[in-house]
Amino acid sequence: MPAHRDPTTPSPSADGGGVRVSTHSGEGRGAWRHALPWLAVAAIAVCAGLGYLLMSSTQGGSDTAAPSVAQVAADVDDGDPDAPGAMAPAASAKPRAAVPAGTAHRGEGLSLDLADYIDPSKPVPSTAEIIRTLNEAGIHSGIGAFNPPGTSPPMVGLAVPEDVPLPEGYVRHYQTTDDGQDIEPILMFSPDYEFFDAAGRPIPIPENRVVPPDMAPPGLPGRRVDIPPSREGGGG
Amino acid sequence: MTIRSLKSPRVLCAAIALLLAPAAMANTLNQNVSWTIDRSGTSTKYRVVAYGDSIYAGYNGSVFNAAQWAAPTVQGEYLSATWAADIETVRRAKSGAVASDVYQNKIVAERSYMQASNTRVVTFEMCGNDGLQARSAFKDQTGTCNYSGLNAAVNNCKTYVAASMDYINANAYPGVKLKIISNLYYPGYNADNVSSNCTDAATGQRVNMRTTFLPYIARMNYWMCEYARQKGFKCADSFAQYMGADYDSNGDGQIDSDALRYVAGESEAAYVNRITVTLRPTLRDANTHFVSSSSSFDYIQSDDTHPTYSGGTRSGGLFGGSSGSGAPRYTSFAGGYSPIWNRYGHERMGWALSVYNPASP
């Protein structure tokens, strides 16, 4: 039986676990499908990581400096065909000589863009593989600071259709896949309630608050939701 | 004579590093997507320009595609209805970019997009990757905790947010009607509820990561909104929109997500105390954003970092960006709300931006 929590006391959800129960990876890629390019990128990234560490240790952290005229002078317009071409930047900007549209960035100094170093004619590793490779090379900046897709996958729980009345103390929780597909709502315990058995003893609630089948209130279909497969085959 | 085989890992690494030295810095991803909301019965077109990192990019864990309905495009749909016009949403974004990178390589380098004479809205977001990287570095620490990286992230954020606003003010098309920044939600709020490996110099104890990080993100968010107030921008408070429930969970008489919002003119200390102490019991991980006491929505993708979205994706990533157009999903918004305004992370952020939409172009 649920009992409403005193609203003036902190909700346990604020410090709750949020651990997901599914092992759905979301990447949907075979381990060997991109083995060769993966190994190549791994080799490059490991070596590049060493170079990065060396370079970053000697460059003096330009990110900490306030933007100056010299910094801003490095700007090059990417070229918007609808923009007024002769409009000069104000403030501290001092643009360099005009550069043909679309040719601006590449080859000018060190680009940070992964696209500059990927051969589009060859299979590209998944995002998770790129992140893992960067991390293994000691690089935790850029997308190397992102968690890989699947770190906290959608939770699988009991379906609670819209036309089923929701018992007090429970929550209808809606989720979406990384490629934008809606998942049928699942039943969760509300963080605003505490639950007791017939003898008045507190019932421990799963850390992720997803209602397991043996704790489900009566009247529900008792069916677990399915996570739709990825539409894109990547991105998880 | 010594013969060293190129199969030696050391030499092989050196050879690759020499040949591909620039790749050493390759860790970000340009994701530029433009989408025009093509409203029937009009050919008048205005532009929203959005600069930022993976949030405005609509990153979805793919290096090829990005969400079509990322927050600035959602905002454009609201504008299309209000102005009865086509709205071109131009998202110039770089996933993984720190604030200095967004400033220099997107806002400054790609300023021409906001200089077009049909531009009416300029929006940007940044600092999330400064925070993610500082957090990652802190988590790796052992021995005595060093907070300098976290402080540097806040200072860099302040520097480049202010510089970005100044630059946009000086360079955007003079007819721009709205300049707006979105601040940061806290991704991984639950996952960070663990102890550090390092120990605090004063207490000798390990510190709770979330308790440690929260004041830093609060300081970043305060200054994003405070600089906005000072420099003629609006501030979409994504922290409040994501982290607080849309009902009064603590009985203080306020909707949690309203109570968490930045208050114009308050001090940094007052804001940080309100977020990290007074209202902290109302903060919840955005994986379960409560729109009522009985309904919650997952605002965060499976990487526990980026916002969920509705609909499909557009090409934007390793093989270049894309542009396209299509009819709006919704042509009118009763009360200023889309039917899905609170069901996805990007829809929520886009709605938060739209609150400040001007009545006319």
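# Exercises on a two-chain predicted model

Chain B holds 12 helices and 13 strands; helices (H or I, at least four residues) and strands (E, at least two) are DSSP runs numbered from the N terminus. With a radius of gyration of 22 Å, close to the 21 Å of the globule rule for 361 residues, chain B is as compact as a globular protein of that length. Here the radius is taken over C-alpha atoms, and the rule is 2.2 Å times the number of residues to the power 0.38.

This is a predicted model, where local features need pLDDT of at least 70 and side-chain atom pairs count only at pLDDT 80 or more, while totals for chains, interfaces and linings use all residues. Residues are numbered from 1 along each chain as its sequence is written, and chains are lettered from A and ligands numbered from 1 in the order in which they are written.

## Exercise 1: the outline of chain B

Find the spans of the C-alpha trace of chain B along its principal axes, and the percentage of its residues that are buried.

Step 1. Along the principal axes, the trace spans about 80 × 55 × 40 Å.

Step 2. Next, apply the burial rule: a residue is buried if 20 or more other C-beta atoms lie within 10 Å of its own, exposed if 12 or fewer, and partly exposed in between, with C-beta atoms placed from the backbone. Of the 361 residues in chain B, 59% are buried.

Step 3. Now look at contacts, meaning pairs of residues whose C-beta atoms, placed from the backbone, lie within 7 Å. Take those in chain B between residues at least 6 apart in sequence: 77% of them join residues at least 24 apart.

## Exercise 2: reading a sheet

In what order do the 7 strands of the open sheet in chain B stand, and which strands are at the edges?

Step 1. Two strands pair if DSSP finds at least two bridges between them. The order in chain B is E9-E6-E5-E2-E4-E1-E13, with mixed pairing.

Step 2. Strand E9 (234-236) and strand E13 (322-326) of chain B each have a single partner strand, so one side of each is left without a neighbour in the sheet.

Step 3. On average, neighbouring strands of this sheet are turned by 20 degrees against each other, direction ignored. For such angles, axes are lines fitted to C-alpha atoms (for helices over the stretch in contact), and angles run from 0 to 180 degrees between N-to-C directions.

Step 4. Zoom in on one pair: strand E1 (residues 29-37) of chain B and E13(B) are parallel, with 5 bridges. B:Val33 has B:Ser322 as its bridge partner in E13(B).

Step 5. Add the helices. Helix H3 (residues 71-83) of chain B packs on the sheet, its direction making about 165 degrees with that of E4(B). H4(B) lies across E2, E4 and E5 of chain B, at about 140 degrees to E4(B).

## Exercise 3: buried helices and the core

How many residues of H4(B) and of H12(B) are buried, and which residues have the most contacts inside the largest nonpolar core?

Step 1. Helix H4 (residues 99-108) of chain B has 10 of its 10 residues buried, including B:Ala99 and B:Tyr103.

Step 2. In helix H12 (residues 345-354) of chain B, 10 of the 10 residues are buried, so this helix is largely enclosed by the rest of the structure. B:Trp351 is one of them. Their packing partners include H3 and E5 of chain B.

Step 3. A nonpolar core is a set of buried Ala, Val, Leu, Ile, Met, Phe, Trp, Tyr and Cys residues joined through C-beta atoms within 7 Å. The largest has 94 residues, and B:Ala99, B:Cys157, B:Val161, B:Met220 and B:Met243 have the most contacts inside it. Helix H8 (residues 209-230) of chain B gives the largest share, 11 residues.

Step 4. Apart from this core lies another of 19 residues, among them A:Ile118 and B:Ala26.

## Exercise 4: confidence in chain A

Which elements of chain A have the lowest and the highest mean pLDDT?

Step 1. pLDDT is the predictor's confidence in each residue, from 0 to 100. Chain A has a mean pLDDT of 65, and 51% of its residues reach 70 or more.

Step 2. Among its elements, helix H2 (residues 69-72) of chain A has the lowest mean, 31, and strand E3 (residues 182-189) of chain A the highest, 98.

Step 3. Over residues 6-78 of chain A, pLDDT is below 50.

Key: Contact = placed C-beta atoms within 7 Å.
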